[in-house]
Amino acid sequence: MRTKSAIVVGLAAAAALAASVPALAAPAHEAPRRNCPQLDTKLPWAGDNRARLQKMIDERGTCSGKNGPRPVAAFDWDNTVVKNDITDATLAWALKHDKILRPRSWKDTSAWLTAAADKALTKACGTAVPVGRPLPTSKNTACADEIFEIREKSQTMSGETAFAGEWNHRRTVPAYGWIPQLFAGHTPAALTSFARQARAEQLAAPVGAKQTVGTHTIAGYIRYYDQQKDLIRTLKAAGFDVYIVSASSEPIAEAWSSGVGLDRKHTIGIRSITKRGLLTPALKGCGGVETGRGDALPYMDGKRCMINQEIFKIKGAKAWQQQDFKHRIALGAGDADTDVTFVNDATGAHVAINRNKSELMCRAYDDVDGRWVANPMFIDPMPRKSGAYPCSTTGATAEDGSKVPVRRADGSVIADQVDKAF
């Protein structure tokens, strides 16, 4: 017969052995553990995307039991967190309410604006209004048309090129910088106020509504995606530090980000240089690129730079480089090639909202690390792309603007991909 002491020793040994064996994953039907924030199961995601995101949240959030810096999640804004474009909406509202101030010369608004664009704007908008006073764009259809056409297509109403010169096509696009530059002379608070008034109109309009700007017909409504609001809520509850990184003017983005529970500190956009409290055409750069003309915006590679510089405090040229695991976002979410670099940098989940953009979807469907989450738009999704994305030939944009193959980190070319996020 075993003695009492032998039994105690045996039980202790058994306990030690049990403690050394990793716990098995909870069965799928088991109720979630306490203090593990959960995504709303009533909100539809494609396929198993919700489960994959939940797994990442559990692995990297408070339920992981890991100590250390808070994991970071970064979201693009337009057509990623909301349906439609907040910059278009704000510009449309401003044109309808005569909020664009006449510049001394249209050439002052952008270092890349062409003589043809300057001439077209001067002719359409006139010179009768004193410099610094509001242009009557609510009544002057030709002026509103020229401004919106240049914003939308980087060309004049007669089809002439509006921006010319040299720039790094993975760091900036002049038409994006031109919008905050158009609002020079206003305070940042005034621009946020314009965006808030546009926001109220857009949220009140029915889904599918259109509006007219000059003779342009554009979307007349915006909606927050319930799924993305829920994802941001869950990430925050799970201990993630969540940011918006947008190529919209920062005062415009700030008018919207509070709708998903994010403050100004967590909203990154195009930053204008102010003088005596007023916006100027000069734009802040990133990673040591500080020309003032907008050579380094939160656009494509510029979004990585802004994340590294503003969130991880990595300064100078190093901010343009992909960082080590500890200095990279856990989740990145975007809808376009303008987001591909920072979304690709994510270590836990790459969320690609499918708008049929080649470089983003080539990487999403190649899914080299098994962590890409491709999902159709949650409202009025794009149709499935016919044919294949040209990943192996022209899927990516080079620094000089040419189209090149999409390559993995090891240099290998991604094969053409078909649309599967449905």
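This short talk walks through one sheet and two helix pairs in the structure above. Please keep in mind throughout that the model is a predicted one.

Let me begin with the sheet, which is open, has 6 strands, and follows the order β7-β6-β1-β10-β11-β12 with parallel pairing. At its edges stand β7 and β12, the latter covering residues 372-376, and each of these edge strands pairs on one side only. If we ignore direction, neighbouring strands of this sheet are turned against each other by 15° on average.

Staying with the sheet, we can look at the pairing of strand β10, residues 331-334, with strand β11, residues 349-354, where the two run parallel and are joined by 4 bridges. If you would like to find this place in the structure, look for Leu331, which stands opposite Ala349 in β11. Helix α2, made of residues 49-60, packs on the sheet and touches β10, β11 and β12, and the direction of α2 makes about 145° with that of β12.

Now let us move to the other end of the strand order. Strand β6, residues 241-249, pairs in the parallel sense with strand β7, residues 267-270, over 3 bridges, and the bridge partner of Val245 in β7 is Ile268. Together with helix α9, which spans residues 250-257, the strands β6 and β7 make a right-handed β-α-β unit.

That helix brings us to the first helix pair. In general, two packed helices are described by the angle between their axes and the distance between the axes. The axes of helix α7, residues 188-204, and α9 come within 8 Å and cross at roughly 45°, and α7 and α9 are therefore oblique to each other. The crossing in which α7 passes α9 is right-handed. Among the residues that make the contact are Pro188, Leu191 and Arg199 of α7, and Pro251, Ile252 and Trp256 of α9. Sorted by class, this contact of α7 with α9 has 8 nonpolar, 2 polar and 3 charged residues.

What, then, is the angle at which helix α5 and helix α6 pack? Helix α5, residues 141-153, and helix α6, residues 174-182, pack at about 145°, with their axes 8 Å apart, and the crossing of α5 and α6 is left-handed. Here Ile147, Ile150 and Arg151 in α5 meet Ala175, Tyr176, Trp178, Ile179 and Leu182 in α6. By class, the contact of α5 with α6 has 7 nonpolar residues, no polar ones and 1 charged residue.

Notes. Residues numbered from 1 in each chain as written. Predicted model: local features only at pLDDT ≥ 70, side-chain atom pairs only at ≥ 80, totals over all residues. Heavy atoms only, no water. Pairing = 2+ DSSP bridges. Right-handed = clockwise from strand over helix to strand, strands pointing away. Axes fitted to C-alpha atoms, helices over the stretch in contact; angles between N-to-C directions. Parallel < 35°, antiparallel > 145°, perpendicular 65-115°, else oblique. Left-handed = near helix turned anticlockwise from the far one by under 90°. Contact = heavy atoms within 4.5 Å. Nonpolar A, V, L, I, M, F, W, Y, C, P; charged D, E, K, R; others polar.
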